[in-house]
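This report describes selected features of one protein model for a reader who is new to structural analysis. Please keep the sequence and the three-dimensional view at hand while reading.

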Amino acid sequence: MPERRPARAFAQHAGSFRLGRSAGYPPRRVTDASRFLLLDRLAVGGMAEVYRAKSLGVHGFEKIIAIKRILPTLAEDDEFVQMFVEEVKIAGRLRHANITRIFELGKIDGTHFIAMEYVFGKDLLQVKKRLEEHGRRMPAAMAAAIVASVLAGLDYAHRQRGADGQPLGIIHRDISPQNVLLSYDGQVKLCDFGIAKAASRATQTVAGVVKGKLGYMSPEQISGRPMDHRSDVFAASTVLWELLTGERLFGKGSDYEILERVRNAVAEPPSTRNPEVNATLDMVVMRGLAREADDRWDTAGDMHEALMGFVVTQRPPFSTARLAEWMATEYGGMIEAERAPLERLGAVPQAGVDVRSGTRSLAEEVWEDETVLSAPPEQEDADDEVSIVVQLEDVVGLTRPDEPDDVELPPPLPPPRSPGRTSGEH
């Protein structure tokens, strides 16, 4: 067996990866079904790091995917690992057009990772920052359509039942702009089901864990009270308020100030910041931001329908095609710049091919976690990254990357409603 030689770029966290160089080792088959070739690292946060990778299958099948690897500080906590595995197994069942798919759960020398769908585009946080830098707000219909898509995915997840017919009680717990992905072809995908609940159980004992994004928690979540699916409705409403106004709702100031604002759930209607927001949209947002869960929308599906009732009154209604057009206009030059290195990475045939030159269109992204209650792990120098073969053990096959996308489609658009009424009003 070839000797293990850690890559300098991953010396702190990735010593368990097997590295091969240009004259080096061929990729090893790790299961009969699949193997993964890491191409480059995209992001690092308080709980995990994300790599772009290639799934290699039989008969030359290849697919670009993402691999999210849990950081070693969390891998040492047995309670977190067990909770994470159980939650990801549940999340792996989710097959919806607005939820990123999880293909496999695996383990690298004791450190768990997820092989998941790769979305070629931007996350909502990046889009928000770009608009803010240019002094612009997102069009109201676009903001409503994006959050409606998120709610469609949430409603599907919230309604899932186990083999015994009992509700699984899936709650995302971390609805925030960085967990909403917008593809360049107009798709909206919600990611990171599974990791949030496990993290919430382990944060009391694990050092270096980001306990949560305080600015996107619900009052019951931030107070440690029991919560249900309506906590996700509150978080989605927070995101929508921020998209409509171009401002932060709760996440400004010290941790204590943010805690108090979220706990009291004091928010002004978005129309006070943006005259483009009409009374109907104001009502939808403010009902979602009610302090008490019983005063909010009963389900994510109810709020989805209410938002789509607003969207269809716009001419033309904001659609997937219009989001794709907007992304092409906003990121036209950048899309081509990113596509070239992606194609180059996709052509890497084996471990050991140096992919350093021309593979990055943007600097490595550092996830924005508003509340870091202890210092996050120090980042490594990524100048010497090369392709790596992941040696897997205990792989749990959830779905296959080459399976057909038989996903549940979002609900159809509701018919326009008469003025002054919105779905969900009693």
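## Helix 7 and helix 9

Helix 7 and helix 9 cross in a left-handed sense. The model in which this crossing appears is a predicted one. Two packed helices are described by the angle between their axes and the distance between the axes. For helix 7 and helix 9, which covers residues 279-288, the axes come within 8 Å and cross at roughly 140 degrees. The two helices are therefore oblique to each other, since only angles over 145 degrees count as roughly antiparallel.

Which residues in helix 7 and helix 9 meet? On the side of helix 7 they are V233, F234, S237, L240, W241 and L244, and on the side of helix 9 they are L281, V285 and G288. Sorted by class, this contact contains seven nonpolar residues, two polar residues and no charged residues.

## Helix 7 and helix 10

Helix 7, residues 230-245, also packs against helix 10, residues 300-311: their axes come within 10 Å and cross at roughly 30 degrees. Helix 7 is therefore roughly parallel to helix 10, because angles under 35 degrees are placed in that category. The crossing of these two helices is right-handed.

Helix 7 contributes V233, S237 and L240 to the contact, while helix 10 contributes A300, M303 and L307. By class, the residues of this contact comprise five nonpolar, one polar and no charged. V233, S237 and L240 belong to the contact with helix 10 and also appear in the contact with helix 9.

## The chain as a whole

The protein chain contains 11 helices and 12 strands. Of its 426 residues, 56% are buried. Among contacts between residues at least 6 apart in sequence, 71% join residues at least 24 apart.

## Buried residues and their surroundings

V239 is another residue of helix 7. Its relative accessibility is 4%, and it therefore counts as buried, the limit being under 20%. Beyond its neighbours within four places in sequence, V239 is in contact with L124, V147, I175, S176, P177 and Y216. V239 and V180 are 59 residues apart in sequence, and their C-alpha atoms are 10.0 Å apart in space.

I99 is situated in the loop between helix 2 (78-91) and strand 5 (102-108). With a relative accessible area of 1%, I99 is buried. Its contacts, leaving aside neighbours within four places in sequence, are L94, E117, G153, Y156, A157, K189, L190 and F193. I99 is separated from A152 by 53 residues in sequence and by 9.2 Å in space, C-alpha to C-alpha.

## Polar contacts of two loop residues

Is N179 buried or exposed? N179 counts as buried, because its relative accessibility is 4%. N179 is placed in the loop between helix 4 (140-158) and strand 8 (180-183). A polar atom of the N179 side chain lies 2.8 Å from the backbone oxygen of D174. When residues up to four places away in sequence are not counted, N179 touches H172, D174, K189, L190, C191, D192 and K213. K189 and L190 are thus among the residues that N179 touches, and they are also among the contacts of I99.

R248 is in the loop between helix 7 and helix 8 (255-264). R248 is buried, with a relative accessible area of 17%. Its side chain makes a polar contact of 3.0 Å with the side chain of E242.

## Backbone features in the loops

Most residues other than glycine have a negative phi, and most peptide bonds are trans. Where are the positive values of phi described here? R173, which is not a glycine, has a positive phi near 75 degrees. R173 lies in the loop between helix 4 and strand 8, and it counts as buried at 17% relative accessibility. A265, also not a glycine, has a positive phi of about 50 degrees. A265 is found in the loop between helix 8 and helix 9, and at 12% relative accessibility it is buried.

The peptide bond that joins R315 and P316 is cis, with omega about -5 degrees. P316 is located in the loop between helix 10 and helix 11 (320-346).

Technical notes:
Residues numbered from 1 in each chain as written. Predicted model: local features only at pLDDT ≥ 70, side-chain atom pairs only at ≥ 80, totals over all residues. Heavy atoms only, no water. Axes fitted to C-alpha atoms, helices over the stretch in contact; angles between N-to-C directions. Helix = DSSP H or I, 4+ residues; strand = E, 2+ residues; numbered from the N terminus. Parallel < 35°, antiparallel > 145°, perpendicular 65-115°, else oblique. Left-handed = near helix turned anticlockwise from the far one by under 90°. Contact = heavy atoms within 4.5 Å. Nonpolar A, V, L, I, M, F, W, Y, C, P; charged D, E, K, R; others polar. Buried < 20%, exposed > 50% of the residue type's maximum accessible area, 1.4 Å probe, protein only. Polar contact = N/O pair within 3.5 Å; in protein donor to acceptor, adjacent residues only side chain to side chain.
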